[in-house]
Amino acid sequence: MGSLLEPFEFKSLRLRNRIVMPPMCQYAVTDKDGKPNDWHFTHYTSRAIGGAGLIIMEMTDVEPDGRISDYDLGLWSDEQVPAFARIIEACRRWGAKVGIQIAHAGRKAQDAEVPVSCSPIAHSDKYKTPRELSTSEVEAMVGKFEAAFRRAVQAGVDVVEIHGAHGYLIHQFQSPNINKRTDKYGIDRSRFGVEIVQAARRVLPEDMPLIMRISAIEFAEGGYGLEEGIELGRRYRDAGVDIFHVSSGGDGPKGPRYAGPGYMIDYAQAFKEALGVPVIAVGRLEDPRLADQVIRDGKADLVAVGRGMLRNPYWANEAAIALGKGPLTPKAYERAYGLD
């Protein structure tokens, strides 16, 4: 079954280990132009130097009003591509592979004057009520995703991730509590996501893996459970998703009953077993021994460590030492470990 520090290969993707830095919004685009800046350069390259196998850059939106806040990243313009390319090239120089998470916040776009969604239902009383997208506007939104995927490829990514989780626009369409439409995107709640997956496959190189982050279950009363979550995954897999990044919730203010170490491992395992595809496990997996055991037990193929890597850019390096495999950092740092 392998281990956390063994290489991973799938299609054209070859990782030095199975440690993933997941997308985590930095809210640091001070110019509000969607372009990553020096903060992002330092943030991501330090994790590459620190030994991460795959870095997935934070939620990057397909239009200005698709951002959670005006301080988020975007790929709605060709002018944004070079700033991403600079970071990707630098991370790859230090041995990490890089992806970008493409998304739209939908009704959770806090700085949009009028956010949009599948139906005019607010996320909570702290959010604005969104405007319902027309059928033609939904079709046009698929085109905006496709254009962003194309720009991600131009920037030099190794993979692309679609954000279909955590209550953002794709998740809103697939949720029975949020999607009250009567058109083709309401009759089939997976249709919007499927069309976006198909759009990605149209512009991604054939051998480039497509990842989708998905909420395996919803926590709000009346939301979908694991069985329907897997069925959504089946539709997306058949449309072209290669790897699932399995999370949960985000559909409403209510959160998980338990958020201890590894609390979402079972969801990842369920997707892996039901769909026969590689999965990324998430959920408080910053203990290196727990992360390693998840891989050894065959419950997941890759492990994403979010908070652990926010606290420590060299988490992967420290994990390797804890597991008795020695440091992963470059030669310049060998003196710190008595290797000079």
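Student: In this predicted model, which elements do the buried residues of α7 pack against?

Tutor: Helix α7 covers residues 226-239. Its buried residues are Gly 229, Ile 230, Leu 232, Gly 233, Tyr 236 and Ala 239. The elements they pack against are α4, α6 (191-203), β10 (210-215), β11 (243-247) and α8 (265-275).

Student: What distance separates the end C-alpha atoms of helix α7, and what should its 14 residues span?

Tutor: The expected span follows from a rise of 1.5 Å a residue, taken over one less than the number of residues. For the 14 residues of α7 this should give 20 Å, and the end C-alpha atoms agree with it, being 20 Å apart.

Student: Which residue just after α7 takes a positive phi, and of about what value?

Tutor: The last of the buried residues listed for α7 is Ala 239, and 239 is also where the helix ends. The residue just after the helix is Gly 240, with a positive phi of about 140°.

Student: Which residues of α8 are buried, and which residue with a positive phi follows the helix?

Tutor: The buried residues of α8 are Ile 265, Tyr 267, Ala 268, Ala 270, Phe 271 and Leu 275. Their cover includes β10, α7, β11, β12 (279-281) and α9. The residue that follows α8 has a phi near 65°, and this residue is Gly 276.

Student: Which residues have the most contacts inside the largest nonpolar core, and which helix gives the most to this core?

Tutor: The largest nonpolar core has 100 residues. Within it, Phe 149, Phe 192, Tyr 236 and Phe 244 have the most contacts. Eight residues of this core come from the helix that gives the most, which is α3 (residues 135-155).

Student: Which residues does a second, separate core include, and how many residues does it have?

Tutor: Ile 68, Ala 103, Ala 112 and Tyr 168 are included in the second core. This core is separate, and its number of residues is seven.

Student: Which residues are in contact with Phe 244, leaving aside its neighbours within four places in sequence?

Tutor: Phe 244 is one of the residues with the most contacts inside the largest nonpolar core. Beyond its sequence neighbours, the residues in contact with Phe 244 are Met 212, Ile 214, Gly 233, Tyr 236, Arg 237, Phe 271, Leu 275, Val 277, Pro 278, Val 279 and Ile 280.

Student: Is Ala 48 buried or exposed, and how far in space is Ala 48 from Phe 244?

Tutor: Ala 48 lies in helix α1 (residues 38-49). Its relative accessible area is 0%, so Ala 48 is buried. Outside its sequence neighbours, Ala 48 is in contact with Arg 16, Ile 55, Cys 91, Trp 94 and Ala 96. Ala 48 and Phe 244 are 196 residues apart in sequence, and their C-alpha atoms are separated in space by 22 Å.

Student: Is His 104 buried or exposed, and what does its side chain reach at 2.8 Å?

Tutor: His 104 is found in the loop between β6 (97-103) and β7 (116-117). Its relative accessibility is 1%, and therefore His 104 counts as buried. One polar contact, at 2.8 Å, joins its side chain to the side chain of Glu 63. The side chain of His 104 also reaches, at 2.8 Å, the backbone nitrogen of Gly 106.

Student: Where is Ser 175 found, and which residues does Ser 175 touch beyond four places in sequence?

Tutor: The loop between α4 (169-174) and α5 (184-187) holds Ser 175. Ser 175 counts as buried because its relative accessibility is 0%. Not counting residues up to four places away, Ser 175 touches Arg 189 and Glu 218.

Student: At what angle do the axes of α9 and α11 cross, and which residues make the contact?

Tutor: The axes of α9 (residues 288-296) and α11 (residues 315-322) come within 9 Å and cross at roughly 80°. Therefore α9 is roughly perpendicular to α11. The contact is made on α9 by Pro 288, Arg 289 and Ala 291, and on α11 by Trp 315, Ala 319 and Ala 322.

Student: Are Lys 32 and His 166, each with a positive phi, buried or partly exposed?

Tutor: Phi is near 60° in Lys 32 and near 60° in His 166. Lys 32 is found in the loop between β3 (19-21) and α1, and His 166 lies in the loop between β9 (159-164) and α4. At 40% relative accessibility, Lys 32 counts as partly exposed. The relative accessible area of His 166 is 19%, under the 20% limit, so His 166 is buried.

Key. Residues are numbered from 1 along each chain as its sequence is written. This is a predicted model: local features need pLDDT of at least 70, side-chain atom pairs count only at pLDDT 80 or more; totals for chains, interfaces and linings use all residues. Side-chain values use heavy atoms; hydrogens and water are left out. A nonpolar core is a set of buried Ala, Val, Leu, Ile, Met, Phe, Trp, Tyr and Cys residues joined through side-chain atoms within 4.5 Å. Buried means under 20% relative accessible area, exposed over 50%, partly exposed in between (1.4 Å probe, protein chains only). Helices (H or I, at least four residues) and strands (E, at least two) are DSSP runs, numbered from the N terminus. Contact means heavy atoms within 4.5 Å. A polar contact is a pair of N or O atoms within 3.5 Å; within protein, one must be able to donate a hydrogen and the other to accept it, and residues adjacent in sequence count only if both atoms are side-chain atoms. Axes are lines fitted to C-alpha atoms, for helices over the stretch in contact, and angles run from 0 to 180 degrees between N-to-C directions. Angles under 35 degrees count as roughly parallel, over 145 as roughly antiparallel, 65 to 115 as roughly perpendicular and the rest as oblique.
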